[in-house]
Amino acid sequence: MDRSAHEHGHHAGRAPETGHPAHQPHDHHDHHDQDRRQAPDHPGHDHHGHRHAGGPVGWAMAAKATLHCLTGCAIGEVLGMVIGTALGWGNAPTMALAIVLAFFFGYSLTLWAVVRAGVGLRAAIGVALAADTLSITVMEAVDNGVLLLVPGAMDAHLSDALFWGALAFAFAVAFVVTTPVNKWMIGRGKGHAVVHRYHG
């Protein structure tokens, strides 16, 4: 009995010296939880596009997004002009076709890129609509507005230097106007920031 009491007392006496090490991992978890709460600000999450949400956006990134839209718009507009001219349409239906095709090709370029990143078609369509709608709308409004203001541009034929010169000038103005719009949208985590979540 004395030995048992002695051993019990010995262990009881050592308990305060241990400092309850079993409680130390909780401090580790507290730090881990704090780190997890701070995770959105971690640079390692840039790959997922978090850096575009509310953060500073460079003009180069905005210009790249605008150039992407401009490429689709240019393909659609030129094709629409060619088809309208070949069919002998007037200015209004030819411009309408060019605008429709500009949206089609603008969305298609984004859709193709997102699908290549492994996104399903339905989800990819949603991404393309969210990324390009405002950008293409602004670009088409400015582009066609400039064409209407250039004397003789709408009546020029595909073989006329005026047609191509006016179109190039209209695209240049549209690019300059649309780039700040894309910069603003990407800074808010919208527009082509959505596309960047799927590919760099």
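Modeller: Before we start, a helix here is a DSSP run (H or I) of at least four residues and a strand is an E run of at least two, both numbered from the N terminus. Please also keep in mind that this is a predicted model.

Colleague: Good to know! How many helices and how many strands does the chain come to?
Modeller: Read along the sequence, the pattern is α-α-α-α-α-α-α. Counted by type, the secondary structure comes to seven helices and zero strands.

Colleague: Over which residues is the pLDDT below 50?
Modeller: The chain has a mean pLDDT of 74, with 66% of its residues at 70 or more. One stretch falls under 50, and it makes 21 contacts in the model beyond near neighbours in sequence. That stretch is residues 1–54.

Colleague: Let's turn to the helix pair H3 and H4. At what angle do they pack?
Modeller: Two packed helices are described by the angle between their axes and the distance between the axes. H3 covers residues 59–86 and H4 covers residues 91–116, and their axes lie 7 Å apart. H3 passes H4 in a right-handed crossing. The packing angle is about 145°.

Colleague: And how do the residues of that contact divide into nonpolar, polar and charged?
Modeller: On the H3 side, the residues include Gly72, Gly76, Gly80 and Glu77, while H4 brings Ala98, Leu101 and Phe105 among others. Glycine counts as polar in this scheme. The contact of H3 with H4 divides into 11 nonpolar, nine polar and one charged.

Colleague: Which helix gives the most to the largest nonpolar core?
Modeller: This core has 24 residues, and Met139 and Leu147 have the most contacts inside it. H3, H4, H5 (121–149) and H6 (161–187) each supply at least two of its residues. With seven residues, the helix that gives the most is H5.

Colleague: Which residues does Met139 touch, leaving out those up to four places away in sequence?
Modeller: Met139 is one of the two residues with the most contacts inside the largest core. Its partners beyond that sequence window are Thr66, Cys69, Leu70, Cys73, Ala174 and Thr178.

Colleague: Is Asn182 buried or exposed?
Modeller: Asn182 is found in H6. Beyond four places in sequence, Asn182 is in contact with Ala62, Ala65, Thr66 and Ser135. Its relative accessibility is 1%, and the cut-off for burial is under 20%. Asn182 therefore counts as buried.

Colleague: How far apart in space are Leu134 and Asn182, C-alpha to C-alpha?
Modeller: Leu134 is found in H5, and its 37% relative accessibility makes it partly exposed. Leu134 touches Val181 and Met185, not counting residues up to four places away in sequence. Leu134 and Asn182 are 48 residues apart in sequence, and in space their C-alpha atoms are separated by 8.6 Å.

Colleague: What separation do the C-alpha atoms of Phe171 and Thr71 have?
Modeller: Phe171 is found in H6, and it counts as buried because its relative accessibility is 10%. Beyond four places in sequence, Phe171 is in contact with Leu70, Cys73, Ala74, Glu77 and Asp143. Phe171 and Thr71 are 100 residues apart along the chain, and their C-alpha atoms are separated by 9.8 Å.

Colleague: Last one, for the whole chain: among contacts between residues at least 6 apart in sequence, what percentage join residues at least 24 apart?
Modeller: The chain has 200 residues, of which 32% are buried. Among the contacts you describe, the share joining residues at least 24 apart is 72%.

Terms used:
Residues are numbered from 1 along each chain as its sequence is written. This is a predicted model: local features need pLDDT of at least 70, side-chain atom pairs count only at pLDDT 80 or more; totals for chains, interfaces and linings use all residues. Side-chain values use heavy atoms; hydrogens and water are left out. pLDDT is the predictor's confidence in each residue, from 0 to 100. Contact means heavy atoms within 4.5 Å. Axes are lines fitted to C-alpha atoms, for helices over the stretch in contact, and angles run from 0 to 180 degrees between N-to-C directions. A crossing is left-handed if the near helix is turned anticlockwise from the far one by less than a right angle, and right-handed if clockwise. A nonpolar core is a set of buried Ala, Val, Leu, Ile, Met, Phe, Trp, Tyr and Cys residues joined through side-chain atoms within 4.5 Å. Buried means under 20% relative accessible area, exposed over 50%, partly exposed in between (1.4 Å probe, protein chains only).
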